[in-house]
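This report describes a single protein model for a reader who has not met it before. The sequence and the structure are shown first, and the description follows.

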Amino acid sequence: MASTTSSDAAKRAKLPSLTGLRFFAALSVFFFHSSLTDSPIPPNAPINPFADAEVSHWFSTAFGKAGYLGVSFFFVLSGFVLAWAAKPGERATAFLRRRLLKIFPNHVVVFTAAMVLFAGAAVTGVADWLPNLLLIHTWWPQPTVNLSVNPPSWSLGSELLFYVLFPLLIVPIRKLRRAGALWGWSAAMIAAMVAVQLISTYLVPDTPKSTITPISGMQFWFGYLLPAGRLFEFTLGILLARIVLAGFWPRRVGFGVSAALTVLGYAAALVAPFQYGFVVATIVPVGALIGATASADVEGRHTFLRSRVMVWLGEVSFGFYLVQGVTIFYLRSLFGEHTFSVPMALLVVAGFFCASLLGGWLLFRFVEMPMMRRFGRSKASRTAAVPARTPAEAPAPAEGAAAGVPAGAEAHVPAAAGRTL
């Protein structure tokens, strides 16, 4: 049975629970990065700080697919919140200005820090770092380019493609009025995600093998990093937003059910063939979790995710994600290959967390928000009365703010040649 929430009520709703949920997606990437057995930056020593082999193996195994889950969540969420906040007739140039302001200032600051601290000594020429600066680096199959400088910035290459195409995608999707059409196209997007991995498995060269994954470097690029392949998750998010706005979300798929599905999907990702753990095993639970959480906000149901603390954590989650190349990869490299006892290793991980959270807040407070206030609107609109704040938003976006989702949450995540987000 579909939800009875009206479209008009949905359009007026803010989505604070989705903002809070963003932090858990970013946190899953944090634990993934902290558990890596090979750093994406020289000297490529283990990130995992545990000296006890059994604990180290458990830590690495338990969070071995967490980053992939978090990134997929952010890509679907990006489509959802942009569709939620989109205004018919809005100029594409105004939309793109706000979107680019959401990601580029933060990206440039962290890019500069990475170049000064470690990446500058590793790149061999302008061809290695310039594509990263312009966020077109994930169109290159070479790991020295697509995971260069600040490895987590790879996901911003996909976000940039999403932003450019959104004004085109939203037009035909708005014309889908019937539940059957919306759900049918959603199923088609999931089928396309499966097709991407089938092509990667059977048509993309499986040699030479990646040094840090069980598949080849080319398969990892095609099945995970290439922006074109991630477009289906973004489009699914747009479709899900239209489903919730139209009142077609099924009541029986609530937050509890979708959270349980996410646990089951993650368990499946841990045992599935490697590349099917990127997206395929978890995409249905991720879509259900986003749709159910938004539906709860629309209907005014209380969730712990709406609390002031969770909303704040969601607002800084984009920066929290983006700085991890410095606050985890670089800081860990200062210890070389040294590992620690369990209590000390836990303190190391806690230190990574605190440094990342501080970095995320600094980016949000002193880079993202000032840039959005100063340049997020045209000069004409800045002179007009300040409009009421709209719905909720997200690797990472004033669309996001307008949508109730913290600015900047859409972007999101991974790191080095193979196992990084």
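Helix α4 has 20 residues, which should span 28 Å at 1.5 Å a residue, and its end C-alpha atoms are indeed 28 Å apart; the expected span is 1.5 Å times one less than the number of residues. Helices here are DSSP runs of H or I with at least four residues, and strands are runs of E with at least two, numbered from the N terminus. Of the 20 residues of α4, 20 are buried, so the helix is largely enclosed by the rest of the structure. Buried means under 20% relative accessible area, exposed means over 50%, and partly exposed lies in between (1.4 Å probe, protein chains only).

The model is predicted: local features need pLDDT of at least 70 and side-chain atom pairs count only at pLDDT 80 or more, whereas totals for chains, interfaces and linings use all residues. Residues are numbered from 1 along each chain as its sequence is written, and side-chain values use heavy atoms, with hydrogens and water left out.

**Overall composition and core**

The protein contains 19 helices and 0 strands. It has 421 residues, of which 56% count as buried. Its accessible surface comes to about 16,600 Å², and carbon and sulfur atoms account for 70% of that area; such areas come from the Shrake-Rupley method with a 1.4 Å probe, and for residues only the protein chains shown count as cover.

The largest nonpolar core holds 103 residues, and Phe73, Phe80, Trp84 and Phe166 touch the most other members. Helix α4 (residues 66–85) gives the largest share of this core, 14 residues. A nonpolar core is a set of buried Ala, Val, Leu, Ile, Met, Phe, Trp, Tyr and Cys residues joined through side-chain atoms within 4.5 Å. Apart from neighbours within four places in sequence, phenylalanine 73 is in contact with Leu21, Arg22, Ala25, Val286, Leu289 and Ile290, contact being heavy atoms within 4.5 Å.

**Salt bridges**

A salt bridge is a side-chain nitrogen of Lys or Arg within 4 Å of a carboxyl oxygen of Asp or Glu. By this rule the count comes to 6, including the three pairs below.

| Pair | Closest N and O atoms |
|---|---|
| Arginine 98 and glutamate 90 | 2.1 Å |
| Lysine 102 and glutamate 368 | 3.2 Å |
| Arginine 230 and glutamate 233 | 2.6 Å |

Lysine 102 in helix α5 (residues 92–122) and glutamate 368 in helix α17 (residues 342–375) are 266 residues apart, and their pair links distant parts of the chain. Lysine 102 is buried at 1% relative accessible area, and glutamate 368 is buried at 2%. Arginine 98 is buried at 10%, whereas glutamate 90 is partly exposed at 27%.

Glutamate 233 and arginine 230 lie 3 residues apart in helix α11 (residues 227–245), and are therefore separated by about one helical turn. Salt bridges that share partners also join Arg251, Glu299 and Arg301 into one network.

**A nonpolar surface patch**

Val126, Leu130, Leu134, Ile136, Trp139 and Trp140 form a nonpolar patch on the surface, with about 500 Å² of accessible area together. Patches are made of residues with over 30% relative accessible area and no salt bridge; like charges are joined within 9 Å, and nonpolar side chains (Val, Leu, Ile, Met, Phe, Trp, Tyr) within 5 Å. Valine 126 lies in helix α6 (residues 126–133) and counts as partly exposed, at 47% relative accessibility.
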